[in-house]
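Biologist: Before I use terms such as buried or tilted, I would like to hear how each of them is justified. Could you take me through the reasoning with the model in view?

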Amino acid sequence: MNNTLLAKWLWQWLVNPEVLWVHMWRERYGVGTGNHFPKLRNRASSLSKGRFLYKEQFSSAIQWKVGNDRTTLFWSDRWCGGTSLQTRFPALFLITADKALTVENYWKIHEGVGGWNVHFQ
């Protein structure tokens, strides 16, 4: 597979979620945790499987800019510094109650003041 072409497709998936081919892909395969990338299903073509397998390498090379916080994964995306919080704080990651929540899920505003609300086991 051509990694440059795969990276371009994954980048387009992130920055242009309203284009037709992304809608078609979501309808056929669904999306993974955090709504970032497609899920891998048994009926996927070899091209689709290539995109899926390359997404880990692609994800490690990009950094997320937190916008509305709805799609940025709190623990596994690189949004706070150069590494993911999962990598920076492995002991905390192991005891967190839900490892797949987004930044939006953990950020709470109470009486006009925002703060983190992370639950551990």
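Modeller: What follows is a set of questions and answers about this model, which is a predicted one.

Biologist: What makes up the secondary structure of the protein chain?

Modeller: The protein chain has six helices and two strands, and from the N terminus on they follow the order α-α-α-α-α-α-β-β. Of its 121 residues, 29% are buried.

Biologist: How many aromatic pairs does the structure hold, and why is the pair of Trp79 and Trp116 called tilted?

Modeller: There are seven aromatic pairs in the structure. For Trp79 and Trp116 the ring centres are 5.8 Å apart and the planes stand at 50°; rings pair if their centres lie within 6.5 Å, and an angle that is neither under 30 degrees nor over 60 counts as tilted, so this pair is tilted.

Biologist: What makes you say that this pair ties together parts that are apart in sequence?

Modeller: Trp79 belongs to the loop between helix H3 (46-61) and helix H4 (85-88), whereas Trp116 belongs to strand S2 (residues 113-116), so the pair ties together parts that are 37 residues apart in sequence. Both residues are also members of one aromatic cluster, together with Phe74, Trp75, Phe93, Tyr106 and Trp107.

Biologist: How do you know whether Trp79 is buried or exposed, and what does Trp116 count as?

Modeller: Buried means under 20% relative accessible area, and exposed means over 50%. Trp79 has 17% relative accessibility and therefore counts as buried, while Trp116, at 45%, falls in between and therefore counts as partly exposed.

Biologist: Why is the charged end of Lys99 said to sit over the ring of Phe93?

Modeller: The charged end of Lys99 is 5.3 Å from the centre of the Phe93 ring, and the distance part of the definition asks for NZ of Lys within 6 Å of the ring centre. The definition also asks for a position within 35 degrees of the ring normal, and the charged end of Lys99 is classed as sitting over the ring.

Biologist: Why is Thr96 called buried, and what does Thr96 touch?

Modeller: Thr96, placed in the loop between helix H5 (90-95) and helix H6 (103-106), has a relative accessible area of 0%, so Thr96 is buried, the cut-off being under 20%. Not counting residues up to four places away in sequence, Thr96 touches Trp75, Tyr106, Val118, His119, Phe120 and Gln121. The side chain of Thr96 also reaches the backbone oxygen of His119 at 3.3 Å, and a polar contact requires a pair of N or O atoms within 3.5 Å.

Technical notes:
Residues are numbered from 1 along each chain as its sequence is written. This is a predicted model: local features need pLDDT of at least 70, side-chain atom pairs count only at pLDDT 80 or more; totals for chains, interfaces and linings use all residues. Side-chain values use heavy atoms; hydrogens and water are left out. Rings of Phe, Tyr and Trp (its six-membered ring) pair if their centres lie within 6.5 Å; planes under 30 degrees apart count as stacked, over 60 as edge-to-face and the rest as tilted. Helices (H or I, at least four residues) and strands (E, at least two) are DSSP runs, numbered from the N terminus. Buried means under 20% relative accessible area, exposed over 50%, partly exposed in between (1.4 Å probe, protein chains only). Contact means heavy atoms within 4.5 Å. A polar contact is a pair of N or O atoms within 3.5 Å; within protein, one must be able to donate a hydrogen and the other to accept it, and residues adjacent in sequence count only if both atoms are side-chain atoms.
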